[in-house]
Amino acid sequence: MPLPSFSPGRRDFLAAGAAAAALPFLSGNADADSLASLGARKGIRFGSTIGTGHLADQAYLALNAAQCALIVPENEMKWGATRPDVRSFDFSRADAIVAWATAHRIGVRGHTLLWHSERWMPGWLATYDFGPQPRVEAARLLTEHVSTVARRYAPVVDSFDVVNEAVDPDTGLLRETAISRHLGAEETIDLAFRTARQAAPKAELVYNDYMGWRADEARHRDAVLRLLERLKARGTPIDALGVQSHLGSKYSDSPTGLGALDERAWRTFLDRVTGMGLRLLVTEMDVHDNPLPGDIARRDRMVANHTRAYLDLMLSYPALHTVMCWGLSDRYTWLNGSRPRPDGMAKRPCPFDADLSPKPMRDAIADAFRAASPRAA
Ligand code: G3I
């Protein structure tokens with residue numbers, strides 16, 4: 001198996017990455033009132049996601065550079081982007097984003113070393129012939145992938161989503177993939193974490209999922225909790241839970257708009273998670289606003305209020321040290337392409353609007369940071 005070739009720019013971004021790592025909370029670009037600065041004052045890293053399609057948009061990049069201490073490639077470190085086939089790796093897209101971040105002294109998160117869901121793994125994997133010893137080949141393939149990607153970015157990335165979305169929220173069972181069919185789901189998840197620890201010994205290793213605070217998410221919360229308990233009991237090297245925080249309900253048309261919440265159950269969940277010694281990250285925050293009224297001022301206010309209430313609760317946990325949006329501007333949100341609003345209006349799930357002007361949601365995040373107690377160093 002030939003090792004992937006490194007791009008010529010790699011040395012540059014690794015050197016710049018080391019410098020950025022010395023300033024974990026602030027990029028060189030943030031002014032005193034930026035979300036990065038407001039978060040930094042409380043020991044919270046604020047950031048967002050950048051995708052290949054954003055790299056040509058100078059105004060959007062400038063907004064990210066001004067507001068973020070941290071970015072995460074939206075799709076470019078996933079198997080789907082880095083593995084054109086079983087033999088090769090393609091890091092060109094991920095490298096371009098990492099190079100931009102490090103040139104601006106912005107930290108980088110890694111997402112994701114294993115998306116434990118057949119639907120989001122590359123098509124070739126579903127039909128791959130694992131040969132006469134499929135268990136051995138599945139372990140080899142997973143180990144090779146995780147160690148190659150984690151090693152490559154370890155000098156820059158200090159926090160990896162090692163495993164993403166392993167739990168089926170409808171059944172509470174672990175999903176099955178081409179790899180786990182041969183290796184077993186628990187073994188697959190364990191192997192991913194163990195390999196990541198070896199390849200990036202200093203990085204924070206995260207399990208990332210989208211269980212949330214709505215009343216209808218009890219099964220998902222419970223199943224994730226059980227998974228984390230099993231991982232801890234087995235000594236699997238996991239450091240934190242990534243709470244994606246795609247807020248709002250995709251389906252609800254309730255008058256409050258964003259679904260019935262169960263704050264008590266959510267706090268119980270977070271208490272149990274942090275009680276295991278795990279840190280917390282908000283990794284992908286946005287607000288799905290389909291059920292909210294069309295009127296923009298009203299809708300923005302409801303999104304902001306929801307965000308503020310959510311962040312106040314989350315930031316009451318000192319174990320929470322990172323808050324990431326899944327896109328800073330409504331110009332690019334992934335939600336635009338998924339489930340359009342019934343009234344045909346554009347969605348407004350992000351802290352800045354499509355013209356890159358700040359919205360009430362941006363103030364809600366800022367105010368939540370101002371109100372938060374400082375995290376321990
Ligand atoms: O790049 C191709 C383009 O060449 C092609 O013409 C186009 C046609 O569909 O597809 C483009 O790829 C799309 C890619 O986003 C880039 O825009 C894929 O189809 C699309 O499936 C992919 O969606 C991403 C999704 O994850 C699946 O990987 C979203 O952008 C991304 O925001 C979303 O992110 C996930 C997190 O990783 C995990 N948590 C949930 C979150 C939201 O779903």
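User: How many bridges join S3 to strand S4?

Analyst: This is a predicted model, in which local features need pLDDT of at least 70, side-chain atom pairs count only at pLDDT 80 or more, and totals for chains, interfaces and linings use all residues. Residues are numbered from 1 along each chain as its sequence is written, and side-chain values use heavy atoms, with hydrogens and water left out. Strands are DSSP runs (E, at least two residues), numbered from the N terminus, and two strands pair if DSSP finds at least two bridges between them. S3 and S4 (residues 157-164) run parallel, and the number of bridges joining them is 5.

User: Which residue in S4 stands opposite His111?

Analyst: S3 spans residues 107-115, and 9 of its 9 residues are buried (under 20% relative accessible area, 1.4 Å probe, protein chains only). His111 is also among the closest of the 13 residues that surround the ligand (a heavy atom within 4 Å). Its opposite residue in S4 is Asp161.

User: How far is a nitrogen atom of the ligand from an N or O atom in the side chain of Glu284?

Analyst: Glu284 is another of the closest residues around the ligand. A polar contact is a pair of N or O atoms within 3.5 Å. For the ligand nitrogen and the Glu284 side chain, the distance is 2.7 Å.

User: What share of the ligand's accessible area does the protein cover?

Analyst: Accessible areas come from the Shrake-Rupley method with a 1.4 Å probe. On its own the ligand has 780 Å² of accessible area. The share covered by the protein is 47%.

Definitions and conventions: A polar contact is a pair of N or O atoms within 3.5 Å; within protein, one must be able to donate a hydrogen and the other to accept it, and residues adjacent in sequence count only if both atoms are side-chain atoms. Buried means under 20% relative accessible area, exposed over 50%, partly exposed in between (1.4 Å probe, protein chains only). Helices (H or I, at least four residues) and strands (E, at least two) are DSSP runs, numbered from the N terminus.
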